[in-house]
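The exercises below ask you to read a protein model step by step. Work through each task with the structure in view before you turn to its solution.

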Amino acid sequence: MRTKYNRVVNQGAMLNESHRISTALTYFVSMINYARQNFFEEYGLTPQKFRLLFLLQNQFNGKSISKQLKEYMTDENPDMSRLITHLTISGFIEKQPAIISGKRIEILIITKKATDTLESITKSEMVILKPMSALNNDDKVNLLNIIEKMVRATEGISYYSTQQNNDLQQLSLKRVINA
């Protein structure tokens with residue numbers, strides 16, 4: 001893998017160091033995304049479905065509505081009804097009808113199957129977090145600070161609001177430092 005990385009990132013066709021860094025980041029993210037996709041398939045999930053369940057369990061204590069969850073998803077415009085339908089059919093969430101302020105809504109509730117699956121994933125997720133094991137806590141904090149600077153530099157370009165970025169960074173910081 002290191003050989004392919006060197007071929008991709010250290011080729012002479014790079015415009016400058018910023019281009020080389022951008023290529024290195026793209027390569028790394030692609031590698032991690034591919035590993036995550038394959039990893040979650042073993043559990044009948046996709047990274048998006050995992051993210052929704054993770055948020056439902058950890059951010060919202062097992063209960064939420066679709067609109068709240070959507071605000072914290074990492075994708076620009078996730079198809080929440082499709083995700084919720086798949087997770088309901090798979091037995092990972094249940095829908096509970098409710099009326100709030102005269103409006104009919106559905107409260108999404110995480111099931112025992114989902115909490116057991118998330119627990120199992122958490123125990124074995126170290127496989128996809130393995131690259132983080134090469135970093136000490138100072139390296140992890142420095143990397144997050146660099147990423148934060150780059151995210152701030154894209155304000156106005158990024159589709160995330162500042163609050164969502166802050167929330168995502170806090171969640172990521174906790175997970176990376178604990179890896």
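**Exercise 1.** By about how many helical turns are F50 and F54 separated in helix α3?

*Solution.* Keep in mind from the start that this is a predicted model. Begin with the element, helix α3, which covers residues 47-58. Next, look at the spacing: F50 and F54 are 4 residues apart in this helix, and therefore about one helical turn lies between them.

**Exercise 2.** Decide whether the ring pair of F50 and F54 is stacked, tilted or edge-to-face, and then do likewise for F39 and F40.

*Solution.* The structure holds 4 aromatic pairs, and two rings count as a pair if their centres lie within 6.5 Å. For F39 and F40 the centres are 5.3 Å apart and the planes make an angle of 70°; since planes over 60 degrees apart count as edge-to-face, this pair is edge-to-face. The ring centres of F50 and F54 lie 5.8 Å apart with their planes at 35°, so this pair is tilted. As a last step, consider the surroundings: F39 and F40 are both buried, F50 and F54 are buried as well, and these four residues belong with Y43 to one aromatic cluster.

**Exercise 3.** Which residues form a nonpolar patch on the surface, and which elements give two or more residues to it?

*Solution.* The patch consists of I21, L25, I146 and M150, which together have about 340 Å² of accessible area. Two elements give two or more residues to this patch, namely α2 (17-41) and α7 (137-153). Take I21, which has its place in helix α2, as an example: its relative accessibility is 48%, and because partly exposed residues lie between the limits of 20% and 50%, I21 counts as partly exposed.

**Exercise 4.** Find what sits over the ring of F92.

*Solution.* Start from the centre of the F92 ring and look for a charge: the charged end of K113 sits over this ring, at 4.8 Å from the centre.

**Exercise 5.** Describe the protein as a whole, beginning with the question of how many helices and strands there are.

*Solution.* The protein has 8 helices and 3 strands, and from the N terminus on they follow the order α-α-α-β-α-α-β-β-α-α-α. Of the 179 residues, 28% are buried. The accessible surface amounts to about 11,700 Å², and carbon and sulfur atoms account for 54% of that surface. Finally, if you consider contacts between residues at least 6 apart in sequence, 54% of them join residues at least 24 apart.

Methods: Residues numbered from 1 in each chain as written. Predicted model: local features only at pLDDT ≥ 70, side-chain atom pairs only at ≥ 80, totals over all residues. Heavy atoms only, no water. Patch = residues over 30% accessible without salt bridge, like charges linked within 9 Å, V, L, I, M, F, W, Y side chains within 5 Å. Areas by Shrake-Rupley, 256 points an atom, 1.4 Å probe, with all protein chains shown as cover. Salt bridge = Lys/Arg side-chain N within 4 Å of Asp/Glu carboxyl O. Buried < 20%, exposed > 50% of the residue type's maximum accessible area, 1.4 Å probe, protein only. Phe/Tyr/Trp six-rings, centres within 6.5 Å; stacked < 30°, edge-to-face > 60°. Lys NZ or Arg CZ within 6 Å of the ring centre and 35° of its normal. Contact = heavy atoms within 4.5 Å.
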